[in-house]
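Visitor: I am new to this entry and would like to be taken through it. Please show it first.

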Protein chains: 2
Amino acid sequence: MCSKPVPREPLRRVAVTGGTHGNEMSGVCLARYWMQAPGELQRPSFSAMPLLANPAATAACRRYVGRDLNRTFTSAFLTAKAHPDDPYEVTRARELNQLLGPKASGQAFDFILDLHNTTANMGTCLIVDSTHNVFAMHLCRHLQLQSPELPCRVILYQLTGEESYSLNSVAKNGMALELGPQPQGVLRADLFTRMRALVAAALDFIQLFNQDAAFPAFEMEAYRTLGSVDFPRTEAGDLAGTVHPQLQDRDLEPLRPGAPIFQMFNGEDVLYKGASTVYPMFINEAAYYEKGIAFFQTEKLMFSVPALPALAPAPGPAP
Amino acid sequence: MCSKPVPREPLRRVAVTGGTHGNEMSGVCLARYWMQAPGELQRPSFSAMPLLANPAATAACRRYVGRDLNRTFTSAFLTAKAHPDDPYEVTRARELNQLLGPKASGQAFDFILDLHNTTANMGTCLIVDSTHNVFAMHLCRHLQLQSPELPCRVILYQLTGEESYSLNSVAKNGMALELGPQPQGVLRADLFTRMRALVAAALDFIQLFNQDAAFPAFEMEAYRTLGSVDFPRTEAGDLAGTVHPQLQDRDLEPLRPGAPIFQMFNGEDVLYKGASTVYPMFINEAAYYEKGIAFFQTEKLMFSVPALPALAPAPGPAP
């Protein structure tokens, strides 16, 4: 669990990154649009910088060209000596670390909001590193309150004890938006509009914080990753079945022991053998076949988030 | 319009091809499964051959690695002298032409059934070259009657006068199944089951024909391609908007003059300026962004399909 300190200064250096995965089109198109028309990302106390994180993968409309960029921001990759055979994304991660970091340094950006899509039926998800990240949890709460009619779930994606590896981990603070379902390489208007509204609301929250707002404590539900389950496969590694129709599209709904999880090509059902109810997520996500993941198991927990105090008030009234 | 002669002999050499596009997973997984367990493709009068059409693209989980295989079965590609710089799919098209053709020759396979998916909300579509292809139209009718509760539309994809270029054009006769919506690289159980049932019903129809069944004339609705419409783009070629929420997922429903078709990133709507109602298809298909196609326009027409006569009856009763 990473416990980020609550910011004691206004957040001035904020980046909004899209195209970290080059075929997740909401972020790709928003980043490109804002790079031409950055006014939408301005607030009175700061201007967020739009950035296309993986231009080569975006040009090829692929998740990545060499390796998954969003798994490459570890100290091993960022501090190793550059080599001509480094995959493109290793080089790009170092560039981004120079531009937005260096990671874990005082020079790093204050906040990175990283934009993602999934082919899974995840709706709107907010991915944070830890509920101990009080600032990010208050931002999540703010986003949830913007459109209370739409589910907007908080995900603790990183496994306990894992080193952070995502793009937003380069900044002092950050989070990812994950919207689905949307096929890779497709831009749906509904998700584009939704993501744009979420980014606007996130920048509004930072603006509120920067102008000395305080936020009370609250209780919040969040989903914490427990592990993952692979597809049934043949000895050669090919699929031998796929996600069961009764599990497909049921992301973050309860999965009870004994419920079907896979339908084999030979007609048999595979049942969930876990001992307790879990909440599966990223069910049948296209990008995870190669990672050996048919879905993640999560647990749903309630967390108490302490108040976010106001910044020290300015000596005089604002002009 | 290509007017295929009605077969005068039983169809013995039949192929079922998947993975012509390597990230359309229903066909990829069915072909792989049947190559291990071909019994499902046996009928009393023939055994259909399962085939993975584009193994390199399938291994990479991409539509193609060099160029779109399913646009490569033209005489220019098939008859040109081989060159070391030929894209993989040009070489593969020639291999498939040797195996299943040669195209337009007496040695060609009797029938190819080619399996496809789309990210668009097309439901079940049957793609044939022409309503003058009496055998294929009767097969379409048979498939429609198998599950009358599900829409199963007949598409005349090829533009009038265009040379045939698809894999199934290599055989004496053929058609493609197109099922959606399914993201690229994802295998949904519902579409897998549906495609498997359609293939079984198609083989059953060929078996009926081979055992001297006759089929009466009928009237049939079909959608004929008129042309295509590109996304709104910036001068640099980037998207400047996307498919309007009121058009998204409305494949093969009427689109009337004045209805919105695109939502621009600046908030404006683009209206359909055509003079008459059309039936859009492949709306927001991921693979067509690079082809400059946001959707195809089709017209819905009624066709009279003549009777399909029985093969000459065998001299004596079947054993």
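The questions below deal with the two chains, then the strands, the helices and a few backbone details.

Visitor: What relation do chain A and chain B have to each other?
Guide: This is a predicted model, and the values are computed from it. A rotation of 180° superposes chain A on chain B, with 0.0 Å of shift along the axis and an RMSD of 0.0 Å. That is therefore the relation of a two-fold axis.

Visitor: Which residue of chain A has the C-alpha nearest the axis?
Guide: The axis is that of the 180° rotation superposing chain A on chain B. In chain A, the nearest C-alpha lies 2.3 Å from the axis, and its residue is A:Pro183.

Visitor: How many nonpolar residues has the side of chain A that touches chain B?
Guide: The contact takes 25 residues from chain A and 25 residues from chain B. Three elements of chain A, namely α1 (25-36), α6 (189-210) and β10 (241-243), each supply at least two residues of that side. The same surface serves both copies, as 100% of the contact residues of chain A recur in chain B. On the side of chain A, four residues are charged, eight are polar and the nonpolar ones number 13.

Visitor: Which strands stand at the edges of the open sheet of nine strands in chain B?
Guide: The order of this sheet is β4-β1-β5-β8-β6-β7-β9-β14-β13, with mixed pairing. The twist averages 30° from one strand to the next. An edge strand has a single partner, so one side of it is left without a neighbour in the sheet; in chain B this applies to β4 (49-52) and β13 (279-281).

Visitor: Which residue of β14(B) stands opposite B:Pro280?
Guide: β13(B) and strand β14 (residues 295-305) of chain B run antiparallel and are joined by three bridges. Opposite B:Pro280, in β14(B), stands B:Gln297.

Visitor: In chain A, which residue of β9(A) is the bridge partner of A:Leu156?
Guide: Strand β7 (residues 152-156) and strand β9 (residues 218-229) of chain A run parallel, with two bridges between them. β9(A) also pairs with strand β13 (residues 295-305) of chain A, in the antiparallel sense and over 11 bridges. There A:Met220 stands opposite A:Phe303. The partner of A:Leu156 in β9(A) is A:Arg224.

Visitor: Are α5(B) and α6(B) parallel, perpendicular or oblique to each other?
Guide: Helix α5 (residues 134-146) and helix α6 (residues 189-210) of chain B pack with their axes 9 Å apart, at an angle of about 130°. The crossing is right-handed. An angle of about 130° is outside the ranges for parallel, antiparallel and perpendicular, and the two helices are therefore oblique.

Visitor: How many charged residues are there in the contact of α5(B) with α6(B)?
Guide: From α5(B) come B:Leu139, B:His142, B:Leu143 and B:Gln146, which meet B:Leu198, B:Ala201, B:Ala202 and B:Phe205 of α6(B). By class, this contact has six nonpolar residues, two polar ones and, as to charged residues, none: the number is no charged residues.

Visitor: Where does the residue lie that follows B:Gly180 across a cis peptide bond?
Guide: The cis bond runs from B:Gly180 to B:Pro181, with omega near 5°. In chain A, a cis peptide bond joins A:Gly180 and A:Pro181, with omega of about 5°. The place of B:Pro181 is the loop between β8 (174-180) and α6 of chain B.

Visitor: What is the phi of A:Asp212?
Guide: A:Asp212 lies in the loop between α6 and β9 of chain A. This residue is not a glycine, yet its phi is positive, at about 80°.

Methods: Residues numbered from 1 in each chain as written. Chains lettered and ligands numbered in written order. Predicted model: local features only at pLDDT ≥ 70, side-chain atom pairs only at ≥ 80, totals over all residues. Least-squares fit on C-alpha atoms with pLDDT ≥ 70 in both. Contact = placed C-beta atoms within 7 Å. Axes fitted to C-alpha atoms, helices over the stretch in contact; angles between N-to-C directions. Helix = DSSP H or I, 4+ residues; strand = E, 2+ residues; numbered from the N terminus. Parallel < 35°, antiparallel > 145°, perpendicular 65-115°, else oblique. Left-handed = near helix turned anticlockwise from the far one by under 90°. Nonpolar A, V, L, I, M, F, W, Y, C, P; charged D, E, K, R; others polar. Pairing = 2+ DSSP bridges.
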